[in-house]
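Grab a coffee and work through the exercises below with the model open beside you. Try each task on your own before you read the solution.

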Amino acid sequence: MTIPTPAPALIEKYGLSGPRYTSYPSALQFSENFSDESFLQDLANEQGHIAVYIHLPFCRSMCWFCGCTKIITRNQASADLYLDYLAKEMQMWAPHLQNKKVAYVHFGGGTPNFLTVEQIDRLNALIKCYLPLANEVEISVELSPDQLQEEQVNAFARMGAKRASIGIQDTNAEVQVAINRLQPQSQNVAAMNWLRKAGFSSINVDLIYGLPHQTASSFEMTLEQVLQLDPDRIALFNYAHVPWFKPTQKVFASDVFPSTMMKLKIFQASCARLQSAGYTYIGLDHFAKQDDELAKAWQQGTIKRDFQGYSVNPANITLGMGMSSVSQSRNAYRQNHKELKAYTAALDAQQLPVATGIVLTKDDQMRRQVINQVMCQMSVDFDQLGIDAGHCFTNEMDDVKGLIDDGIVVSYGNGFKVTALGRLFLRNVAMQFDAYRQQQADRCSATL
Ligand code: SF4
(Lines give C-alpha, C1' and ligand atoms only; values in the text may rest on other atoms or scores of the structure.)
Protein backbone atom coordinates (compact mmCIF):
# COMPACT_ATOMS: atom_id res chain seq x y z
CA MET A 1 0.00 0.00 0.00
CA THR A 2 1.37 3.39 -1.02
CA ILE A 3 0.44 6.24 1.27
CA PRO A 4 -0.31 9.39 -0.79
CA THR A 5 0.99 12.79 0.27
CA PRO A 6 -1.84 14.82 1.82
CA ALA A 7 -2.51 18.37 0.65
CA PRO A 8 -1.32 21.07 3.12
CA ALA A 9 -4.96 22.07 3.65
CA LEU A 10 -5.73 18.59 4.98
CA ILE A 11 -2.77 18.70 7.35
CA GLU A 12 -4.01 22.06 8.59
CA LYS A 13 -7.56 20.79 9.01
CA TYR A 14 -6.75 17.46 10.73
CA GLY A 15 -3.56 18.37 12.59
CA LEU A 16 -5.41 18.25 15.90
CA SER A 17 -4.66 16.61 19.17
CA GLY A 18 -6.37 13.37 20.07
CA PRO A 19 -6.00 10.03 21.84
CA ARG A 20 -4.22 7.02 20.36
CA TYR A 21 -7.28 4.96 21.24
CA THR A 22 -5.48 2.20 23.07
CA SER A 23 -8.69 2.30 25.07
CA TYR A 24 -12.08 3.91 24.76
CA PRO A 25 -12.85 5.98 26.71
CA SER A 26 -9.23 7.14 26.96
CA ALA A 27 -7.43 7.20 30.31
CA LEU A 28 -8.17 10.94 30.50
CA GLN A 29 -11.73 10.01 31.41
CA PHE A 30 -10.75 7.77 34.33
CA SER A 31 -11.90 9.18 37.63
CA GLU A 32 -11.45 8.49 41.34
CA ASN A 33 -15.24 8.44 41.62
CA PHE A 34 -15.90 5.05 40.15
CA SER A 35 -16.95 1.70 41.49
CA ASP A 36 -14.56 -1.23 41.13
CA GLU A 37 -17.48 -3.65 41.41
CA SER A 38 -18.10 -3.74 37.69
CA PHE A 39 -14.56 -4.94 36.91
CA LEU A 40 -14.62 -7.48 39.75
CA GLN A 41 -17.97 -8.79 38.52
CA ASP A 42 -16.64 -9.11 34.96
CA LEU A 43 -13.66 -11.02 36.32
CA ALA A 44 -15.91 -13.30 38.36
CA ASN A 45 -18.12 -13.99 35.33
CA GLU A 46 -15.29 -14.54 32.86
CA GLN A 47 -15.19 -18.07 31.44
CA GLY A 48 -12.23 -17.64 29.11
CA HIS A 49 -8.53 -17.27 29.74
CA ILE A 50 -7.32 -13.95 31.07
CA ALA A 51 -4.23 -11.81 30.50
CA VAL A 52 -2.03 -10.23 33.16
CA TYR A 53 0.08 -7.08 32.67
CA ILE A 54 2.83 -6.45 35.23
CA HIS A 55 4.45 -3.01 35.42
CA LEU A 56 8.13 -2.89 36.40
CA PRO A 57 8.82 0.84 36.67
CA PHE A 58 12.57 1.20 37.22
CA CYS A 59 15.02 2.76 34.74
CA ARG A 60 18.66 3.72 35.28
CA SER A 61 18.45 7.02 33.41
CA MET A 62 15.82 9.31 31.99
CA CYS A 63 15.08 9.45 28.27
CA TRP A 64 13.75 12.99 27.83
CA PHE A 65 10.99 12.02 25.39
CA CYS A 66 9.52 9.27 27.58
CA GLY A 67 5.81 9.19 28.38
CA CYS A 68 5.84 6.05 30.53
CA THR A 69 5.35 5.89 34.29
CA LYS A 70 8.84 5.15 35.60
CA ILE A 71 11.18 5.63 38.53
CA ILE A 72 14.74 6.66 37.79
CA THR A 73 17.17 5.02 40.19
CA ARG A 74 20.41 3.10 40.39
CA ASN A 75 19.45 1.53 43.68
CA GLN A 76 18.95 -2.12 42.85
CA ALA A 77 17.34 -2.78 46.24
CA SER A 78 14.34 -0.70 45.10
CA ALA A 79 13.35 -3.61 42.90
CA ASP A 80 13.54 -6.09 45.82
CA LEU A 81 11.09 -3.99 47.78
CA TYR A 82 8.88 -3.57 44.72
CA LEU A 83 8.78 -7.33 44.22
CA ASP A 84 7.65 -7.69 47.86
CA TYR A 85 4.68 -5.47 47.02
CA LEU A 86 3.96 -7.22 43.74
CA ALA A 87 3.79 -10.45 45.73
CA LYS A 88 1.29 -8.81 48.11
CA GLU A 89 -0.82 -7.64 45.18
CA MET A 90 -0.76 -11.09 43.58
CA GLN A 91 -1.82 -12.61 46.92
CA MET A 92 -4.72 -10.17 47.11
CA TRP A 93 -5.88 -11.18 43.64
CA ALA A 94 -5.62 -14.90 44.38
CA PRO A 95 -9.22 -15.30 45.67
CA HIS A 96 -10.49 -13.60 42.50
CA LEU A 97 -8.51 -15.96 40.26
CA GLN A 98 -9.82 -19.25 41.52
CA ASN A 99 -11.09 -21.33 38.58
CA LYS A 100 -9.38 -18.94 36.16
CA LYS A 101 -6.44 -19.50 33.86
CA VAL A 102 -3.89 -16.85 32.95
CA ALA A 103 -2.87 -17.46 29.34
CA TYR A 104 -0.90 -14.25 28.70
CA VAL A 105 1.60 -12.44 30.89
CA HIS A 106 3.28 -9.24 29.72
CA PHE A 107 6.03 -7.37 31.59
CA GLY A 108 6.23 -3.70 30.71
CA GLY A 109 7.91 -0.67 32.17
CA GLY A 110 10.03 1.19 32.86
CA THR A 111 12.75 -1.27 32.02
CA PRO A 112 12.02 -4.87 33.05
CA ASN A 113 15.72 -5.64 32.58
CA PHE A 114 16.53 -3.22 35.38
CA LEU A 115 15.99 -6.37 37.45
CA THR A 116 19.04 -8.52 38.18
CA VAL A 117 19.05 -12.20 37.22
CA GLU A 118 18.18 -13.07 40.83
CA GLN A 119 15.28 -10.62 40.82
CA ILE A 120 13.99 -11.98 37.48
CA ASP A 121 14.17 -15.51 38.92
CA ARG A 122 12.23 -14.30 41.95
CA LEU A 123 9.61 -12.73 39.68
CA ASN A 124 9.38 -16.08 37.89
CA ALA A 125 8.78 -17.83 41.21
CA LEU A 126 6.11 -15.27 42.15
CA ILE A 127 4.03 -15.65 39.00
CA LYS A 128 4.28 -19.44 39.26
CA CYS A 129 3.29 -19.36 42.93
CA TYR A 130 0.42 -16.87 42.80
CA LEU A 131 -0.99 -16.82 39.25
CA PRO A 132 -2.96 -19.79 37.89
CA LEU A 133 -0.93 -20.00 34.68
CA ALA A 134 -2.33 -21.98 31.73
CA ASN A 135 -0.08 -24.79 30.46
CA GLU A 136 0.60 -22.87 27.26
CA VAL A 137 0.97 -19.46 28.89
CA GLU A 138 2.46 -16.88 26.53
CA ILE A 139 4.96 -14.62 28.26
CA SER A 140 6.30 -11.42 26.72
CA VAL A 141 8.67 -8.76 27.98
CA GLU A 142 9.81 -5.25 27.08
CA LEU A 143 13.59 -4.89 27.14
CA SER A 144 16.04 -2.05 26.72
CA PRO A 145 19.22 -3.19 24.87
CA ASP A 146 21.07 -0.55 26.88
CA GLN A 147 22.66 -2.46 29.77
CA LEU A 148 20.93 -5.70 28.81
CA GLN A 149 22.97 -8.78 29.68
CA GLU A 150 22.72 -12.24 28.16
CA GLU A 151 22.08 -13.73 31.61
CA GLN A 152 18.97 -11.54 31.96
CA VAL A 153 17.67 -12.74 28.58
CA ASN A 154 18.27 -16.31 29.71
CA ALA A 155 16.46 -15.67 32.99
CA PHE A 156 13.37 -14.42 31.12
CA ALA A 157 13.67 -17.44 28.80
CA ARG A 158 13.75 -19.74 31.87
CA MET A 159 10.52 -18.11 32.93
CA GLY A 160 9.05 -19.19 29.58
CA ALA A 161 9.13 -15.85 27.75
CA LYS A 162 9.10 -16.27 23.97
CA ARG A 163 8.21 -12.75 22.89
CA ALA A 164 10.19 -9.61 23.44
CA SER A 165 9.91 -5.99 22.47
CA ILE A 166 13.10 -3.97 22.42
CA GLY A 167 13.23 -0.20 22.54
CA ILE A 168 15.53 1.35 19.94
CA GLN A 169 13.66 4.56 18.96
CA ASP A 170 16.43 5.91 16.68
CA THR A 171 20.02 4.84 15.97
CA ASN A 172 21.28 8.30 14.94
CA ALA A 173 23.90 9.66 17.36
CA GLU A 174 22.67 13.29 17.25
CA VAL A 175 19.10 12.22 18.00
CA GLN A 176 20.29 9.91 20.78
CA VAL A 177 22.26 12.71 22.45
CA ALA A 178 19.22 15.01 22.25
CA ILE A 179 16.90 12.45 23.86
CA ASN A 180 19.51 11.28 26.41
CA ARG A 181 19.48 7.68 25.23
CA LEU A 182 22.91 6.60 24.06
CA GLN A 183 22.53 3.16 22.58
CA PRO A 184 25.08 2.06 19.98
CA GLN A 185 23.95 -0.40 17.31
CA SER A 186 26.30 -2.99 18.80
CA GLN A 187 23.97 -3.20 21.83
CA ASN A 188 20.96 -3.74 19.56
CA VAL A 189 22.79 -6.48 17.65
CA ALA A 190 23.83 -8.20 20.89
CA ALA A 191 20.27 -8.05 22.26
CA MET A 192 18.84 -9.61 19.09
CA ASN A 193 21.49 -12.36 19.05
CA TRP A 194 20.92 -13.27 22.69
CA LEU A 195 17.14 -13.30 22.25
CA ARG A 196 17.31 -15.55 19.17
CA LYS A 197 19.81 -17.84 20.86
CA ALA A 198 17.54 -18.13 23.90
CA GLY A 199 14.62 -19.21 21.68
CA PHE A 200 12.53 -16.01 21.51
CA SER A 201 10.30 -16.54 18.49
CA SER A 202 8.78 -13.08 18.04
CA ILE A 203 10.84 -9.95 18.56
CA ASN A 204 9.46 -6.46 18.13
CA VAL A 205 11.45 -3.26 17.76
CA ASP A 206 9.98 0.06 18.92
CA LEU A 207 10.92 3.14 16.88
CA ILE A 208 9.73 6.73 17.20
CA TYR A 209 9.45 9.35 14.48
CA GLY A 210 9.10 13.05 15.25
CA LEU A 211 12.05 13.14 17.68
CA PRO A 212 14.46 16.11 17.79
CA HIS A 213 16.84 16.45 14.82
CA GLN A 214 15.32 13.62 12.80
CA THR A 215 15.34 14.10 9.04
CA ALA A 216 14.12 11.90 6.22
CA SER A 217 17.68 10.75 5.48
CA SER A 218 18.68 10.21 9.12
CA PHE A 219 15.62 8.07 9.72
CA GLU A 220 16.24 6.16 6.51
CA MET A 221 19.60 5.11 7.98
CA THR A 222 17.93 4.14 11.27
CA LEU A 223 15.48 1.96 9.40
CA GLU A 224 18.26 0.22 7.44
CA GLN A 225 20.09 -0.57 10.67
CA VAL A 226 16.90 -1.92 12.18
CA LEU A 227 16.19 -4.07 9.12
CA GLN A 228 19.65 -5.60 9.51
CA LEU A 229 18.45 -6.87 12.89
CA ASP A 230 15.63 -8.73 11.10
CA PRO A 231 12.89 -8.18 13.73
CA ASP A 232 9.54 -9.94 13.37
CA ARG A 233 7.62 -6.79 14.16
CA ILE A 234 8.27 -3.07 14.14
CA ALA A 235 6.17 -0.46 15.93
CA LEU A 236 6.75 2.99 14.44
CA PHE A 237 5.23 5.41 16.92
CA ASN A 238 4.52 9.08 16.35
CA TYR A 239 6.35 10.95 19.14
CA ALA A 240 3.83 12.28 21.65
CA HIS A 241 4.96 15.78 22.69
CA VAL A 242 2.95 16.58 25.81
CA PRO A 243 5.25 18.76 27.98
CA TRP A 244 2.33 19.97 30.14
CA PHE A 245 1.85 16.32 31.16
CA LYS A 246 5.46 15.07 30.94
CA PRO A 247 7.59 18.03 32.12
CA THR A 248 10.94 16.41 31.19
CA GLN A 249 9.97 17.05 27.56
CA LYS A 250 10.36 20.78 28.28
CA VAL A 251 14.10 20.21 27.84
CA PHE A 252 13.54 20.27 24.07
CA ALA A 253 13.67 23.65 22.33
CA SER A 254 10.68 24.10 20.05
CA ASP A 255 12.84 24.42 16.91
CA VAL A 256 14.54 21.00 17.15
CA PHE A 257 11.56 19.00 15.99
CA PRO A 258 10.90 17.96 12.39
CA SER A 259 7.91 19.79 10.88
CA THR A 260 4.60 17.98 10.47
CA MET A 261 5.33 17.70 6.74
CA MET A 262 8.76 16.18 7.48
CA LYS A 263 7.20 13.72 9.93
CA LEU A 264 4.70 12.62 7.32
CA LYS A 265 7.50 12.24 4.80
CA ILE A 266 9.45 10.08 7.26
CA PHE A 267 6.40 7.93 7.93
CA GLN A 268 5.51 7.56 4.25
CA ALA A 269 9.06 6.60 3.29
CA SER A 270 9.34 4.17 6.21
CA CYS A 271 6.04 2.59 5.32
CA ALA A 272 7.20 2.04 1.73
CA ARG A 273 10.61 0.69 2.79
CA LEU A 274 9.19 -1.72 5.35
CA GLN A 275 6.62 -3.08 2.92
CA SER A 276 9.31 -3.55 0.28
CA ALA A 277 11.27 -5.51 2.90
CA GLY A 278 8.30 -7.88 3.29
CA TYR A 279 6.51 -6.39 6.30
CA THR A 280 2.75 -6.01 6.36
CA TYR A 281 1.51 -2.55 7.35
CA ILE A 282 -0.91 -2.99 10.24
CA GLY A 283 -3.36 -0.46 11.64
CA LEU A 284 -1.99 2.88 12.72
CA ASP A 285 1.71 2.25 13.15
CA HIS A 286 2.66 -1.44 13.32
CA PHE A 287 4.50 -3.63 10.81
CA ALA A 288 4.95 -7.41 10.93
CA LYS A 289 6.51 -10.10 8.79
CA GLN A 290 3.90 -11.98 6.81
CA ASP A 291 4.38 -15.20 8.80
CA ASP A 292 4.15 -13.41 12.16
CA GLU A 293 0.94 -13.98 14.12
CA LEU A 294 0.15 -10.26 14.13
CA ALA A 295 0.20 -10.10 10.31
CA LYS A 296 -1.94 -13.27 10.09
CA ALA A 297 -4.44 -11.87 12.61
CA TRP A 298 -4.53 -8.62 10.63
CA GLN A 299 -5.43 -10.54 7.45
CA GLN A 300 -8.13 -12.42 9.37
CA GLY A 301 -9.50 -9.24 10.96
CA THR A 302 -8.89 -10.46 14.52
CA ILE A 303 -6.28 -8.05 15.88
CA LYS A 304 -7.07 -6.20 19.05
CA ARG A 305 -6.17 -2.76 20.35
CA ASP A 306 -5.17 -2.48 24.00
CA PHE A 307 -2.78 -0.55 26.22
CA GLN A 308 0.18 -2.35 24.67
CA GLY A 309 -0.85 -1.21 21.15
CA TYR A 310 -1.99 -3.91 18.72
CA SER A 311 -2.06 -7.51 19.89
CA VAL A 312 -3.39 -10.93 19.00
CA ASN A 313 -4.26 -11.93 22.54
CA PRO A 314 -8.02 -12.63 22.54
CA ALA A 315 -8.54 -12.36 26.33
CA ASN A 316 -11.57 -10.33 27.38
CA ILE A 317 -9.88 -9.36 30.61
CA THR A 318 -6.46 -7.89 31.24
CA LEU A 319 -5.58 -7.67 34.89
CA GLY A 320 -2.94 -5.00 35.55
CA MET A 321 -0.54 -5.39 38.47
CA GLY A 322 2.10 -3.01 39.73
CA MET A 323 1.99 0.78 40.03
CA SER A 324 0.11 2.62 37.26
CA SER A 325 -0.98 -0.59 35.51
CA VAL A 326 -4.35 -0.54 33.78
CA SER A 327 -6.88 -3.38 33.90
CA GLN A 328 -9.64 -3.74 31.37
CA SER A 329 -12.77 -5.84 31.07
CA ARG A 330 -15.96 -5.83 29.03
CA ASN A 331 -17.52 -3.11 31.16
CA ALA A 332 -14.74 -1.25 32.93
CA TYR A 333 -11.19 0.07 33.06
CA ARG A 334 -9.32 0.56 36.30
CA GLN A 335 -5.85 1.93 36.98
CA ASN A 336 -3.53 1.36 39.94
CA HIS A 337 -1.93 4.26 41.79
CA LYS A 338 0.73 5.96 39.67
CA GLU A 339 2.84 6.95 42.67
CA LEU A 340 4.87 4.25 44.39
CA LYS A 341 4.05 5.61 47.84
CA ALA A 342 0.29 5.43 47.28
CA TYR A 343 0.61 2.00 45.64
CA THR A 344 2.51 0.50 48.58
CA ALA A 345 0.34 2.28 51.18
CA ALA A 346 -2.80 0.70 49.74
CA LEU A 347 -1.23 -2.75 49.85
CA ASP A 348 0.01 -2.16 53.41
CA ALA A 349 -3.61 -1.39 54.29
CA GLN A 350 -4.64 -4.71 52.68
CA GLN A 351 -6.47 -2.90 49.88
CA LEU A 352 -6.24 -3.45 46.15
CA PRO A 353 -4.13 -0.46 44.99
CA VAL A 354 -6.67 0.90 42.51
CA ALA A 355 -6.79 4.70 42.11
CA THR A 356 -9.04 5.56 39.17
CA GLY A 357 -11.23 3.95 36.58
CA ILE A 358 -14.40 4.12 34.61
CA VAL A 359 -17.47 1.96 34.21
CA LEU A 360 -18.63 2.03 30.62
CA THR A 361 -22.13 3.25 29.83
CA LYS A 362 -24.11 1.70 26.96
CA ASP A 363 -23.10 4.68 24.84
CA ASP A 364 -19.41 4.12 25.70
CA GLN A 365 -19.75 0.44 24.75
CA MET A 366 -21.28 1.30 21.39
CA ARG A 367 -18.63 3.92 20.61
CA ARG A 368 -15.87 1.58 21.73
CA GLN A 369 -17.06 -1.00 19.19
CA VAL A 370 -17.01 1.54 16.37
CA ILE A 371 -13.62 2.98 17.37
CA ASN A 372 -12.14 -0.53 17.65
CA GLN A 373 -13.33 -1.29 14.12
CA VAL A 374 -11.72 1.92 12.86
CA MET A 375 -8.41 1.24 14.59
CA CYS A 376 -8.24 -2.53 13.95
CA GLN A 377 -10.10 -3.12 10.69
CA MET A 378 -9.87 0.19 8.87
CA SER A 379 -13.59 0.04 8.23
CA VAL A 380 -16.89 0.21 10.06
CA ASP A 381 -19.84 -2.01 9.32
CA PHE A 382 -22.82 -0.75 11.31
CA ASP A 383 -24.91 -3.80 10.34
CA GLN A 384 -22.29 -6.13 11.77
CA LEU A 385 -22.26 -4.09 14.97
CA GLY A 386 -26.07 -3.97 15.14
CA ILE A 387 -26.01 -0.16 15.33
CA ASP A 388 -28.60 2.10 13.73
CA ALA A 389 -26.11 4.81 12.72
CA GLY A 390 -28.83 7.16 11.39
CA HIS A 391 -30.42 7.18 14.83
CA CYS A 392 -27.39 6.87 17.17
CA PHE A 393 -24.79 8.89 15.26
CA THR A 394 -26.66 11.69 13.47
CA ASN A 395 -23.95 14.34 13.99
CA GLU A 396 -21.09 11.87 13.60
CA MET A 397 -22.38 10.72 10.21
CA ASP A 398 -22.35 14.37 9.07
CA ASP A 399 -18.68 14.46 10.07
CA VAL A 400 -18.12 11.23 8.13
CA LYS A 401 -19.47 13.00 5.04
CA GLY A 402 -16.65 15.53 5.52
CA LEU A 403 -14.14 12.68 5.73
CA ILE A 404 -15.55 11.27 2.48
CA ASP A 405 -15.23 14.67 0.79
CA ASP A 406 -11.59 14.84 1.94
CA GLY A 407 -10.79 11.35 0.58
CA ILE A 408 -10.07 9.94 4.04
CA VAL A 409 -12.84 7.35 3.98
CA VAL A 410 -15.19 6.00 1.31
CA SER A 411 -18.76 4.92 1.78
CA TYR A 412 -18.99 1.12 1.95
CA GLY A 413 -22.19 -0.89 2.57
CA ASN A 414 -23.83 0.42 5.70
CA GLY A 415 -20.65 2.05 6.90
CA PHE A 416 -17.32 3.21 5.49
CA LYS A 417 -13.77 2.16 4.73
CA VAL A 418 -10.56 4.06 5.42
CA THR A 419 -8.61 4.88 2.24
CA ALA A 420 -4.83 4.66 1.79
CA LEU A 421 -4.65 8.43 2.44
CA GLY A 422 -6.93 7.94 5.44
CA ARG A 423 -4.38 5.66 7.15
CA LEU A 424 -2.50 8.85 8.05
CA PHE A 425 -5.65 10.23 9.67
CA LEU A 426 -6.85 7.13 11.52
CA ARG A 427 -6.96 8.82 14.92
CA ASN A 428 -8.97 11.66 13.36
CA VAL A 429 -11.49 9.16 11.96
CA ALA A 430 -11.86 7.50 15.38
CA MET A 431 -12.23 10.93 17.01
CA GLN A 432 -15.47 11.53 15.11
CA PHE A 433 -17.08 8.87 17.33
CA ASP A 434 -15.48 9.99 20.59
CA ALA A 435 -18.10 11.55 22.86
CA TYR A 436 -15.38 13.10 25.05
CA ARG A 437 -13.43 14.68 22.26
CA GLN A 438 -14.21 18.29 23.20
CA GLN A 439 -13.27 17.75 26.85
CA GLN A 440 -9.87 16.30 26.03
CA ALA A 441 -9.11 18.48 23.00
CA ASP A 442 -5.95 20.10 24.42
CA ARG A 443 -4.75 17.29 26.65
CA CYS A 444 -3.58 14.81 24.00
CA SER A 445 -0.68 14.62 21.57
CA ALA A 446 -0.91 15.71 17.93
CA THR A 447 -2.53 13.19 15.61
CA LEU A 448 -0.09 13.99 12.78
S1 SF4 B 1 11.97 5.25 27.31
FE2 SF4 B 1 12.08 3.31 28.45
S3 SF4 B 1 14.16 3.31 29.27
FE4 SF4 B 1 13.75 5.44 28.70
S5 SF4 B 1 12.95 6.40 30.56
FE6 SF4 B 1 11.19 5.65 29.39
S7 SF4 B 1 10.73 3.65 30.20
FE8 SF4 B 1 12.82 4.19 30.87
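**Before you start**

Serine 270, our first stop, sits in helix H9 (residues 260-276). The model is a predicted one, where local features need pLDDT of at least 70, side-chain atom pairs count only at pLDDT 80 or more, and totals for chains, interfaces and linings use all residues. Numbering starts from 1 along each chain as its sequence is written, and side-chain values use heavy atoms, with hydrogens and water left out.

**Exercise 1. Find out whether serine 270 is buried or exposed, and what its side chain reaches.**

Step 1: Place it. Helix H9 is a DSSP run, like the other helices (H or I, at least four residues) and the strands (E, at least two), numbered from the N terminus.

Step 2: Check the accessibility. Serine 270 has a relative accessible area of 3%, so it is buried. Buried means under 20% relative accessible area, exposed over 50%, and partly exposed in between (1.4 Å probe, protein chains only).

Step 3: Look for a polar partner. The serine 270 side chain reaches the backbone oxygen of isoleucine 266 at 2.7 Å. A polar contact is a pair of N or O atoms within 3.5 Å; within protein, one must be able to donate a hydrogen and the other to accept it, and residues adjacent in sequence count only if both atoms are side-chain atoms.

Step 4: List the neighbours. Not counting residues up to four places away in sequence, serine 270 touches Phe219, Leu223 and Leu236. Contact here means heavy atoms within 4.5 Å.

**Exercise 2. Do the same for tyrosine 279: which backbone oxygen lies 2.6 Å from a polar atom of its side chain?**

Step 1: Tyrosine 279 belongs to strand E9 (residues 279-282).

Step 2: With a relative accessible area of 4%, tyrosine 279 is buried.

Step 3: The oxygen belongs to proline 231. Proline 231 is also among the residues tyrosine 279 touches, leaving out those up to four places away in sequence; others include Leu227, Ile234, Leu274 and Phe287.

Step 4: For a sense of scale, tyrosine 279 and glutamine 119 are 160 residues apart in sequence and 36 Å apart in space, C-alpha to C-alpha.

**Exercise 3. Hunt down the backbone oddities: which residues are joined by cis peptide bonds, and which have a positive phi without being glycine?**

Step 1: Recall the background. Most residues other than glycine have a negative phi, and most peptide bonds are trans.

Step 2: Pick out the cis bonds. Tyrosine 24 and proline 25 are joined by one, with omega about -5°. Proline 25 lies in the loop between helix H1 (8-14) and helix H2 (37-45). Another joins glycine 109 and glycine 110, with omega about 15°. Glycine 110 is in the loop between strand E4 (102-109) and helix H4 (117-130).

Step 3: Now phi. Glutamine 350 has a positive phi of about 60°, in the loop between helix H11 (340-348) and strand E16 (354-359). Methionine 378 has a phi near 60°, in the loop between helix H12 (362-377) and strand E17 (379-381).

Step 4: Check both for accessibility. Glutamine 350 counts as exposed at 59%, whereas methionine 378 counts as buried at 7%.

**Exercise 4. Work out what surrounds the ligand.**

Step 1: Collect the shell, meaning residues with a heavy atom within 4 Å of the molecule. That gives Cys59, Ser61, Cys63, Phe65, Cys66, Gly110, Thr111 and Arg181.

Step 2: Sort by type. There are four nonpolar, three polar and one charged. Ala, Val, Leu, Ile, Met, Phe, Trp, Tyr, Cys and Pro count as nonpolar, Asp, Glu, Lys and Arg as charged, and the others, Gly among them, as polar.

**Exercise 5. Which residues touch the most other members of the largest nonpolar core, and where does that core lie?**

Step 1: A nonpolar core is a set of buried Ala, Val, Leu, Ile, Met, Phe, Trp, Tyr and Cys residues joined through side-chain atoms within 4.5 Å. The largest has 122 residues, and Ile54 and Phe107 touch the most other members.

Step 2: Helix H3 (residues 77-93) gives the largest share of this core, eight residues.

Step 3: Domain 1 (9-18 + 361-433) and domain 2 (26-321) both contribute residues, so the core lies between them. Those bounds come from an automatic or database domain assignment.
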